[in-house]
Amino acid sequence: GKISVKDKYKTLVSDTAIFALGNLLIKLIQFFLLPLYTIYMSTAEYGVAELTNNLAELLLPIFSFCIYEATFRYVMDKGISEKSVLYNSLLLLIINSVVFFLFVFVINFELAFEYSFYLFFITMTYALRLNFAGFVRGIGKKKAFVFSGIINVLFLLIFNVWFLAYYNLGIKGYLLSIILSNIVAGLYLIYIVKKQLCYSYKLFDKELLKVMLIFSVPMIFNTLCWWIVNMSNRYIIFFNLGTVEAGLYAAASKLPAIINLASVIFQQAWQIAASKEYDDKCSRVFFSNVFKCYSAGILTFGSFVICSSDFLAVLMLKNDFINAKNMLPLLILTAIINCYSIYFGTFYTAFKKNIMVMISTIIGAIINIAISLFFIDSYGVWACVIGSIICYMVIVLMRIYDTNKMINIDKDFKITVPALVIVTTQAVCMTYNKMFLSGFMFLLLLVVFFKGYSIEIKNILRKIKTGGV
């Protein structure tokens with residue numbers, strides 16, 4: 001039956017709450033991992049282990065063809081068999097595993113990289129876990145999806161304690177913990193989907209696999225470009241300015257993750273809502289109202305974090321790392337702008353048109369690298385900070401323009417643009433330690449949203465309570 005307006009908002013709010021609880025529990029458990037690594041591993045060991053794990057993250061989209069993205073999206077389509085989606089995606093991953101194993105075998109033979117087979121098993125188990133997780137989220141088992149993430153990180157902690165603290169296995173213990181925690185979480189997900197898990201060759205569907213790959217392959221380049229966007233500045237700073245500046249930038253970049261976590265939590269719920277509602281006649285109103293709430297929420301939260309950036313710096317950046325605190329406000333602004341790219345990026349998943357999401361990210365990555373390289377000699381680390389801001393702005397503007405062809409939602413520029421200008425001004429003020437001006441900007445932002453959105457917020461709250469249209 002047709003979903004009521006009340007249920008649309010209630011579902012989005014409850015889904016966001018479920019994903020928020022799961023993500024916060026995951027982050028809490030991860031909090032205990034870093035001290036464990038620093039106690040039981042040397043800096044050199046931790047460096048090699050992290051490098052291997054980062055390489056696995058880079059190889060993941062190439063090895064898997066990002067098929068887990070298609071699994072999540074296509075299992076929600078009413079006319080497609082759930083069993084067939086799972087069977088075809090797993091078949092692809094198994095074939096790719098054989099090819100990838102041969103590739104790793106050759107690399108190991110040529111380069112004698114000691115951890116090449118750990119690299120293979122991390123990548124393979126991660127891809128399989130993501131595929132099952134995408135399937136579980138797509139069929140509506142949100143709590144199981146969240147619980148699988150908690151299981152994964154909880155067993156990562158348990159295995160790390162076991163292998164590092166008790167057996168002192170160093171790098172091998174670190175990498176083995178990742179593999180085994182992926183396997184445990186994967187087995188839990190297999191148990192959840194055991195009814196849909198079939199091994200019949202009759203389920204092979206060449207046309208379905210083809211459309212899934214048309215959807216997922218552009219995500220390979222998109223994922224790789226995001227990796228470049230997020231990591232390239234660190235390497236540019238390292239090679240041009242040295243290890244000290246690179247270390248400061250890396251440390252400062254960790255703190256805006258609080259904004260990214262908020263957007264990831266919302267995105268996990270929003271992808272489901274957008275994919276289900278995109279062909280509904282009333283979807284434009286729903287998407288427009290959600291955008292206004294999301295925009296106001298992200299900007300208000302981001303503005304508050306900018307105000308608190310000095311406090312966060314004292315809390316999180318110890319010793320010489322405190323010198324990175326002036327970068328924080330503008331890096332937080334970068335994370336805020338990125339939240340808009342995530343929102344509009346979700347429409348590409350909903351409408352199953354992923355080419356432009358890839359193109360926008362590629363262009364953003366090129367702009368980021370070009371600005372950073374061109375201006376780093378003149379402006380130092382600030383060239384990379386400004387390059388990131390411009391990069392994300394370009395991605396957002398391209399996606400806004402392109403998604404208009406799919407669904408022209410109300411962006412409410414008369415409020416969104418002034419609000420963004422206020423937060424940008426606030427970030428600049430905070431960079432120059434003008435705390436009073438920064439606080440004033442935060443209050444001004446609240447006034448803008450209160451005057452602009454009071455009617456919409458009251459309407460949505462009333463709909464959630466009463467179900468009135």
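Two residues are in contact here when their heavy atoms lie within 4.5 Å. With that in hand, let us walk through the structure, keeping in mind that this is a predicted model.

A good place to start is the meeting of two helices, α3 (residues 43–64) and α5 (residues 82–111). On the α3 side, Leu 59, Phe 63 and Ser 64 take part, and they meet Leu 92, Leu 93, Asn 96, Ser 97 and Phe 100 of α5. Sorted by class, this contact holds five nonpolar residues, three polar ones and no charged ones. How do the two helices sit relative to each other? Two packed helices are described by the angle between their axes and the distance between the axes. For α3 and α5, the axes come within 9 Å and cross at roughly 120°. That crossing makes α3 oblique to α5.

Following the chain onward from α3, we come to Cys 66, which is found in the loop between α3 and α4. Its phi is near 55°, a positive value in a residue other than glycine. Cys 66 counts as buried because its relative accessible area is 0%, and the cut-off for buried is under 20%.

Next comes helix α4 (67–74). Like α3, helix α4 packs with α5: the angle is about 175°, and the axes are 10 Å apart. The two are therefore roughly antiparallel to each other, since angles over 145 degrees are given that name. In this pairing, Ile 67, Thr 71 and Tyr 74 from α4 meet Val 85, Ser 89, Leu 92 and Leu 93 from α5. The contact of α4 with α5 has five nonpolar and two polar residues, and no charged ones. Notice that Leu 92 and Leu 93 appear in the contact with α3 and also in the contact with α4.

Is α4 enclosed or open? Seven of its eight residues are buried, so α4 is largely enclosed by the rest of the structure. The buried residues are Ile 67, Tyr 68, Ala 70, Thr 71, Phe 72, Arg 73 and Tyr 74. Around them are several partners: the buried residues of α4 pack against α3, α5, α6 (116–138), α9, α11 (257–277) and α14.

One of those partners, α9, spans residues 206–241 and includes Ile 214. The C-alpha atoms of Ile 214 and Ile 67 are separated by 9.9 Å, although the two residues are 147 apart along the chain. Ile 67 is buried, whereas Ile 214 counts as exposed because its relative accessibility is 55%.

Another partner, α14 (residues 328–350), leads us to the nonpolar core. The largest such core has 142 residues, and those with the most contacts inside it are Trp 270, Phe 287, Leu 299, Ile 336, Tyr 343 and Phe 347. Helix α14 gives the most to this core, with 15 residues. The helix itself is mostly covered, as 23 of its 23 residues are buried. Its length can be checked too: at 1.5 Å a residue, its 23 residues should span 33 Å, and because the end C-alpha atoms are 34 Å apart, the two values agree. After α14 comes Lys 352, which has a positive phi near 55°.

To look at the core from one residue, take Trp 270. Setting aside neighbours within four places in sequence, Trp 270 is in contact with Leu 12, Phe 286, Phe 287, Val 290, Tyr 343, Thr 346 and Phe 347.

A few further residues round out the tour. Ser 295 sits in helix α12 (residues 283–307) and counts as buried because its relative accessibility is 1%. Beyond its neighbours up to four places away in sequence, Ser 295 touches Tyr 340, Thr 416 and Phe 449. Ala 185, in helix α8 (residues 170–192), is buried, with a relative accessible area of 0%. With residues up to four places away left out, the contacts of Ala 185 are Arg 129, Ser 148, Ile 151 and Asn 152.

Last on the route is Asp 412, found in the loop between α16 (381–403) and α17 (413–431). Phi of Asp 412 is near 50°, a positive value in a residue other than glycine. Asp 412 counts as buried, at 5% relative accessibility.

Terms used: Residues numbered from 1 in each chain as written. Predicted model: local features only at pLDDT ≥ 70, side-chain atom pairs only at ≥ 80, totals over all residues. Heavy atoms only, no water. Helix = DSSP H or I, 4+ residues; strand = E, 2+ residues; numbered from the N terminus. Buried < 20%, exposed > 50% of the residue type's maximum accessible area, 1.4 Å probe, protein only. Core = buried A, V, L, I, M, F, W, Y, C linked by side-chain atoms within 4.5 Å. Axes fitted to C-alpha atoms, helices over the stretch in contact; angles between N-to-C directions. Parallel < 35°, antiparallel > 145°, perpendicular 65-115°, else oblique. Nonpolar A, V, L, I, M, F, W, Y, C, P; charged D, E, K, R; others polar. Expected span 1.5 Å × (residues − 1).
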